[in-house]
Amino acid sequence: MIGLDISTSGVKLVELADAGKNELRLERFASESLPRGAVVDGNIENIEQVAEAVRRVWKKSGTRATLVALGMPPASVITKKIILPGGLSEEDLEFQVETEASQYIPFALDEVSLDFDVIGQAANSPDDVEVLLAATRKEKVEDRVAVAESAGLRPIVMDIESYAARAAIDRLVAQLPQEGKGQIVALFQIGTQITHISVLLDGQPIYEREQPFGGHQLTQDIVRAYGLSYEDAEAKKKSGDLPEGYERELLEPFLDSAALEVSRAIQFFFTSTPYTRIDQIFLAGGCAIIPGLVDTVAGRTKISTSVVSPFKGMQLAANVREKQLRSEAPAYLVACGLAMRRFDQ
């Protein structure tokens with residue numbers, strides 16, 4: 001099974017294999033950009049354009065796998081932890097979940113795709129179980145399913161993008177000293193228009209939010225300053241092929257405002273939770289690799305900061321281009337987490 005991440009800017013594909021001894025091997029990774037407007041705020045506006053990009057990325061990757069795991073944007077999914085009596089049959093549990101769900105979901109249940117997972121015994125009541133409920137509009141799931149099927153693929157798993165990212169991050173936290181136990185880790189996924197923030201402690205999210213900030217702002221600045229089309233500006237931003245003065249006039253102010261956004265998000269975290277420290281900042285998403293961002297964020301926050309590579313510690317298949325992987329890896333965090341669903345027990 002392959003992980004397929006559909007975002008505002010493009011489509012990313014990852015295929016992993018079991019290398020034995022609890023190790024994974026990266027078999028393939030590939031990406032294709034999307035035309036502007038094909039995906040807006042996580043909603044697929046043009047199924048044909050997105051399906052065509054999926055077809056291209058599948059072909060480019062060289063994979064033969066046709067089963068896919070897809071992700072939903074966190075903003076379009078309602079999640080809620082509920083407490084239910086223990087010892088219920090699967091059928092009774094399902095009925096209870098639906099009854100409870102109707103209290104939290106502002107739509108008719110027949111318009112909703114609903115799932116749940118029994119997490120375990122409830123903390124304060126040994127006779128009850130804690131259940132995680134997830135619900136989203138059916139049409140949003142159906143759009144993603146239609147894209148995969150139009151491209152000749154078969155969707156098997158629908159996850160939540162932030163949960164997939166967390167699965168990929170858990171591997172990296174386990175590689176920190178003492179396996180990251182007791183460490184408060186803040187993950188900033190800086191996308192095209194949205195930055196998703198997750199703060200984790202021992203693998204559990206203790207804070208999550210989204211901020212309207214991303215690489216789109218720098219691209220727009222380049223468009224205005226040099227009279228380029230949006231597509232050309234995006235390409236030149238990635239290649240660094242821009243006039244002298246770009247770094248001083250456009251890049252440095254953008255890095256400063258990115259660091260300010262990170263700093264503000266951390267202050268929000270401190271004021272709205274009982275926590276008063278963060279031990280490690282991880283940067284991910286397409287913007288994480290912009291030169292100078294790590295140093296600017298670390299300088300402003302005074303917190304250890306690094307760019308995430310979700311494939312760190314994995315074996316690499318012979319056909320994987322390491323140089324390309326190094327420069328693009330942070331953008332594949334969600335796709336990697338989705339691909340890991342292949343190994344669900």
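This passage walks through strand pairing, salt bridges and an enclosed cavity in a predicted model.

A good place to begin is the pair of strands close to the start of the numbering. Strand S2 (residues 10-20) and strand S3 (residues 23-33) run antiparallel and are joined by ten bridges. Within this pairing, Asp18 stands opposite Leu24 in S3. The two strands form a hairpin with two residues between them, and Lys21 takes a positive phi near 50° there. Strand S3 also pairs with strand S16 (residues 315-316), this time in the parallel sense and over two bridges. In that pairing, the residue opposite Arg25 is Gln315 in S16.

Another set of strands builds a sheet of its own. Three strands make up this open sheet, in the order S7-S9-S8, and their pairing is antiparallel. Strand S7 (77-85) and strand S8 (112-122) are the edge strands, each pairing on one side only. On average, neighbouring strands of the sheet are turned by 25° against each other, with direction ignored. Strand S8 meets strand S9 (residues 125-137) over ten bridges in the antiparallel sense. Leu114 can be found opposite Ala135 in S9. A general point helps when looking at any such sheet: along a regular strand, the side chains alternate between the two faces.

Charged side chains add another kind of link. Across the whole structure, the search finds 19 salt bridges. One of them joins Asp159 and Arg341, whose closest N and O atoms are 2.9 Å apart. Asp159 belongs to strand S10 (residues 154-160), while Arg341 lies in the segment after helix H10 (333-339), so this salt bridge ties together parts that are 182 residues apart in sequence. The two partners can also be described by their accessibility. Asp159 counts as buried because its relative accessibility is 13%, under the cut-off of 20%. Arg341, at 27% relative accessibility, counts as partly exposed.

A salt bridge within a helix offers another example. Here the side chains of Glu234 and Lys237 meet, with an N to O distance of 3.7 Å. Both residues lie in helix H6 (residues 230-239), and because they are three residues apart, about one helical turn separates them. Glu234 is partly exposed at 21% relative accessibility, whereas Lys237 is buried at 16%. The cut-off explains these labels, because buried means under 20% relative accessible area.

Asp279 and Arg277 form a further salt bridge, with 3.0 Å between the closest N and O atoms. Asp279 is partly exposed, having a relative accessible area of 25%, and Arg277 is partly exposed too, with a value of 40%. Elsewhere, salt bridges that share partners join Glu32, Glu52, Arg55, Arg56 and Lys60 into one network.

Finally, it is worth looking for empty space inside the model. In general, such space is revealed by rolling a probe the size of a water molecule over the atoms. The structure holds one cavity of 30 Å³ or more. The volume of the largest cavity is about 40 Å³. Its lining consists of Asp170, Val173, Gln183, Val185, Leu200, Asp202 and Gly203. By type, the lining residues of the largest cavity divide into three nonpolar, two polar and two charged.

Note on methods. Residues numbered from 1 in each chain as written. Predicted model: local features only at pLDDT ≥ 70, side-chain atom pairs only at ≥ 80, totals over all residues. Heavy atoms only, no water. Pairing = 2+ DSSP bridges. Helix = DSSP H or I, 4+ residues; strand = E, 2+ residues; numbered from the N terminus. Axes fitted to C-alpha atoms, helices over the stretch in contact; angles between N-to-C directions. 1 Å grid on protein atoms, 1.4 Å probe; cavity = no way out; pocket = protein on both sides within 12 Å on 5 of 7 lines; lining within 4 Å. Points joined across faces, edges and corners; volume = space filled by probe spheres on them. Nonpolar A, V, L, I, M, F, W, Y, C, P; charged D, E, K, R; others polar. Salt bridge = Lys/Arg side-chain N within 4 Å of Asp/Glu carboxyl O. Buried < 20%, exposed > 50% of the residue type's maximum accessible area, 1.4 Å probe, protein only.
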